[in-house]
Amino acid sequence: MIGGLFIYNHKGEVLISRVYRDDIGRNAVDAFRVNVIHARQQVRSPVTNIARTSFFHVKRSNIWLAAVTKQNVNAAMVFEFLYKMCDVMTAYFGKISEENIKNNFVLIYELLDEILDFGYPQNSETGALKTFITQTGIKSQSKEEQSQITSQVTGQIGWRREGIKYRRNELFLDVLESVNLLMSPQGQVLSAHVSGRVVMKSYLSGMPECKFGMNDKIVIDKQGKGGGNGCQSIAIDDCTFHQCVRLSKFDAERSISFIPPDGECELMRYRTTKDIILPFRVIPLVREVGRTKLEVKVVIKSNFKPSLLAQKIEVRIPTPLNTSGVQVICMKGKAKYKASENAIVWKIKRMAGMKESQISAEIELLPTNDKKKWARPPISMNFEVPFAPSGLKVRYLKVFEPKLNYSDHDVIKWVRYIGRSGIYETRC
Amino acid sequence: MTDSKYFTTTKKGEIFELKAELNSDKKEKKKEAVKKVIASMTVGKDVSALFPDVVNCMQTDNLELKKLVYLYLMNYAKSQPDMAIMAVNTFVKDCEDPNPLIRALAVRTMGCIRVDKITEYLCEPLRKCLKDEDPYVRKTAAVCVAKLHDINAQLVEDQGFLDTLKDLISDSNPMVVANAVAALSEIAESHPNSNLLDLNPQSINKLLTALNECTEWGQIFILDCLANYTPRDDRESQSICERVTPRLSHANSAVVLSAVKVLMKFMEMLPKDLDYYGTLLKKLAPPLVTLLSAEPELQYVALRNINLIVQKRPEILKHEMKVFFVKYNDPIYVKLEKLDIMIRLASQANIAQVLAELKEYATEVDVDFVRKAVRAIGRCAIKVEQSAERCVSTLLDLIQTKVNYVVQEAIVVIKDIFRKYPNKYESVIATLCENLDSLDEPEARAAMIWIVGEYAERIDNADELLESFLEGFHDESTQVQLQLLTAIVKLFLKKPTETQELVQQVLSLATQDSDNPDLRDRGYIYWRLLSTDPVAAKEVVLAEKPLISEETDLIEPTLLEELICHIGTLASVYHKPPSAFVEGSRGVMHKRLPARTGSGEGTECPDVGNAAGGSAPEAAPSIIPSQGDLLGDLLNLDLAPPTTTGPTPSTSGMQMGGMDLLGGGLESLVGTLGGDIGGSPAMGAGFGAAPAVMPASLNAPVGGGLGDLFDLGGGVGMPMGAYIPPKTVWLPAMKAKGLEISGTFARRAGVIQMELVLTNKAMSVMTDFAIQFNRNSFGLAPAGPLQVLTPLGPNQTIEVSLPLSTVGPVMKMDPLNNLQVAVKNNIDVFYFSCQYPISMLFVEDGKMERQVFLATWKDIPNDNESQFQIQDCHLNSEAASNKLQGSNIFTIAKRTVEGQDMLYMSIKLSNGIWVLAELKVQAGNPNYTVIELPASEIAAQINASEFKQQTDLNINCSEETVN
């Protein structure tokens, strides 16, 4: 199991050091600094073995988190734990920065004591942790409160406490998708997939039993004839759920039922690869004119309903390292050559569906005797669209709370779809 | 909230100031001071001097302060054990606190304080907490048992905590169950043979129920534990799989990977024709692909595991090639792993796409990645014949880029393509030759030279090209030198007229001017070949080359099986068994996949089920239960020293020294021996060469089949030769995929022979036989390779005699004469163990000088003596003596007292140990009495009964021949 956990700043100074196992000594702290943080070469692996000690690290801005062990631990678990640790810290004090960590080091030690016992991760749901690990010191609790805390931390529904009350029962569903594309210069889709998340923000009283439904092909097909209300169904390649969802029920009936944590949670993640609506098409044209000049022309076409508007559009056209000057002409938005990023960045605030726009640029190059050809990195794109590129639709989210006197109809529900670009690249 | 200020105080005299503050009356000031102490501790300053002052702050109602003090205690208690005792009372009191959070905190912290005296006080509170009414306290106490076990394992056992922990597996609270499972698994790991985690269908059922209810981490603990279980049959296996599959939809990747591990392992047991088997295969792909959308670090772990899964079950992901395409922004470690998997998944169906991708990658920035991509193109050509032409043209395009490392890498792979498809792509040679000058890496130079030599007859200026390399011959690396030598000899054989001078030049460079023995030897061989028989030289040097394999970098099958059992863990990330990177006994135990049981419970062969259970089979030619050490030796891995198997209970009074002979007593022993035996040079040498540890081992079933021997009747043994036991089946065909091995041991003309009969009972031809022994008591090792020259066809049998040496590595076995053997062929590696007759180790020069014998006999302490009777032996002393001599048991003297013949005999073992014996034979009485005296303390380690049986065996067989 995890033998110790260290947090370093970018210089390699230790901010937090907690050792759980006897086989990890203080020298491990230095070994990681010397061999990884101060290493000259780029990090080639997130797992490093130094003198029979294994170090797992993740980096958040310029903060290094490292878990150390000498045993054959579950590596996936260690990384999941490190991410979780970051989530918990963010939930407590915001951004993970050197200053925030130093300001909260007592709290971090307290958290580490609670969520990692002898290197074994324990309940790390912030909802539960916040009931008894606070920055303001423990209020004197009554006996009932104490046992409520412990039963929540260890209980089957460790993510929600009882007795929550809201005057207005309300819930928000966000379907957030990132659409990923790799396209050849000739416009052939090399790979495309959507990875989506359903994020739920709920403000519901009591212990509400929820049931979530979407246009999952398997479910729709099962319901068969009765369905035919024109709802397009989608094939979901795979999905994973928050731990509140009853997985065995999903496996058996493909129904998604759960008692949600209070506040925000990521209910589900899914991935689709079929029938994806690609919101934009990028058509590149790069021509090398002699050894010192490049002509680039890029056309983007929006491919969705004209009534919808895409936002925050950004096209990034890479330029060679030996670029000396760039002249850009674009029909819409603003384009700029950013020498520090070796790219032309073209920004468009808004663009409606079924439109097209174009940019052309002349790139002047310094002659070099470098034999190596320019690698031509792909043109990448960022955008945001108000629909789900996978075609996913929320069909219902039913809420039942038998003990309290509100029904499904009394709950105010909001659904929103946002499609963003993931890695959306076209080779040129 | 600006605690950061505590990090900044660095001035002198700080400790004194802190001391004063810690002893302040004001609570706030105290707390501030403790925070400063913790901050100093974090950055590595030694604040242990403040121990008493900090501990004084422990008695407080303020939980935050208390936690800080505890944190301090955990860090420094070990360095101040006496003062740490001061804290005990508070801990014990806190364990009784009405607040469960405080009870748990106390028991959690106490377990982290590694001071013996504190540990004693921990037992009672821990016992109470394990039975606490609050689940939070119980789950903390469960982990605490593991902590305590780490400090003092004996104490945990004595106090019965293990039983309480086992009871917690049935706890009503899932989190308590999960922590109990985690603690038990850890404890069980350090006791590989204990049956701590007594997994049976009932307990498995409890775990599976808890699995649905506990936290994500708890699910991981339970799944990892489940993976150690071996179901009784395929039905149980299927029902567990069915209950584990829902976990594949968990958001936590570690839960998913651990579930994959359980499924991959239990799938082994399912019959392939079962519908469910196919369903399961289909269910595995999507979650594995989903893992690739996790954060990069997890992707890396997932990819390393997918690499294993693809090797074990390629069918799972064969349609998912696209998801392994490299993204421009992937971290380099993800890119390299994806590329690896792409090569493995490449097939005729997807080759076009793969090639297009690889070509793209070959223009990237990272040198390692580009090289690997170029190499991958070559692999594709070799793997998918239809694509070869396209691959070659892609490689040529890449060579045109003139990027130095791309060109070199391309040439290396083109060489392999030439090997696979001879005489097909020579047209590209001209292009290759253009780049001769830019090659500066040995591998590329060697590849180029090979190409020139191989196609010398088609390259007009081959001699010039090779000559150009010859100029700097001595500066080249060995690889290039060897290749150059061979290439020029090839050239000479193809164009003898023009290149005589060149070949002489290279031969003299290689043989006369080189320090490298490999190069010299190869040079001499060519020289002699060329000068004696050029036709033979042609046949040798220009012979047709064997095919090269399509797959590369495949993990050896046994290791792969083990790694599959470690999916998700570090072992699967490193692709090494845990013993290669974990110290001590933990995790050294090797895991294996269960065997398929066929359909239904009523399998025809109970042994298979038995082997699947992982328990040591009782059958005589046993599959070695823990083949770990053997495997390690075979793979040449960096293994920790093997743990000796559990101590054998001693029943005779003979066990004297124990096992530490090698360390302390050896020198003195050699001294005394020298004195005792009067400087017998053979003796001294024997000792120097093989100082064997020979711990006592009992219950050796060596002569177990004595009765059988009597029934065998005459005519088997040879009158004057050593006794050779009849051949027995060591490895039955059903355990070795159709290979049956039977055999025996013999000593012929002073050489120990292992006589093997290999029978192929499978349908396919077997080739590439090799043999290896595990370390054993007498250092037996094969003296040469296993000589199976022709492939062994179906239903063919071959007899092989393998000479053995006794200079191999030594390790005590139980029984002493046990030998663990691994036999490899083109299908797999198989393990079995057999027992050799000790008499095989009796050496020819075992005849001791009379005087020496006498002196030695007197000097041997009486304790070493053992006495036993041989029943029903109808030989006279003369015949017995002759017969025994055949087995190198020499009669030194004989005297007759009151009608009894007394024979004095000596035996010398291959490792230099002497054994002296007295044999009493009474005429007309069929019973012999043997008194046996091992000649020194070291020999006393040889168990008496062992020798009794051996002597029995020899005498009995002599009798058998005479009758």
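**The interface between chains A and B, and a sheet in chain B**

In this predicted model, chain B and chain A together bury about 8,600 Å², of which 56% lies on carbon and sulfur atoms. The contact involves 112 residues of chain B, which meet 92 residues of chain A.

Charged and polar pairings also occur across this interface. Between chain B and chain A, 13 salt bridges are counted, one of them linking B:Glu360 to A:Arg427, whose closest N and O atoms are 3.8 Å apart; this distance falls inside the cut-off of 4 Å that is applied to such pairs. In addition, 42 residue pairs, both members at pLDDT 80 or more, are in polar contact between chain B and chain A. On the side of chain B that touches chain A, the largest share comes from helix α9 (residues 135-151) of chain B, which supplies eight residues. When the residues of that side of chain B are sorted by character, 55 are nonpolar, 25 are polar and 32 are charged.

A separate feature described here is a sheet of chain B. Three strands of this chain, in the order β4-β7-β8, make up an open sheet with antiparallel pairing. Its edges are formed by β4 (770-773) and β8 (829-835) of chain B, each of which pairs on one side only, and from one strand to the next the twist averages 25 degrees. Strand β4 of chain B is joined by four bridges to strand β7 (residues 818-824) of chain B, the two running antiparallel. Within this pairing, B:Phe773 has B:Val821 of β7 in chain B as its bridge partner.

Notes: Residues are numbered from 1 along each chain as its sequence is written. Chains are lettered from A and ligands numbered from 1 in the order in which they are written. This is a predicted model: local features need pLDDT of at least 70, side-chain atom pairs count only at pLDDT 80 or more; totals for chains, interfaces and linings use all residues. Side-chain values use heavy atoms; hydrogens and water are left out. Two strands pair if DSSP finds at least two bridges between them. Axes are lines fitted to C-alpha atoms, for helices over the stretch in contact, and angles run from 0 to 180 degrees between N-to-C directions. Contact means heavy atoms within 4.5 Å. Buried area is the accessible area (1.4 Å probe) that two parts lose on being put together, summed over both. A salt bridge is a side-chain nitrogen of Lys or Arg within 4 Å of a carboxyl oxygen of Asp or Glu. A polar contact is a pair of N or O atoms within 3.5 Å; within protein, one must be able to donate a hydrogen and the other to accept it, and residues adjacent in sequence count only if both atoms are side-chain atoms. Ala, Val, Leu, Ile, Met, Phe, Trp, Tyr, Cys and Pro count as nonpolar, Asp, Glu, Lys and Arg as charged, and the others, Gly among them, as polar.
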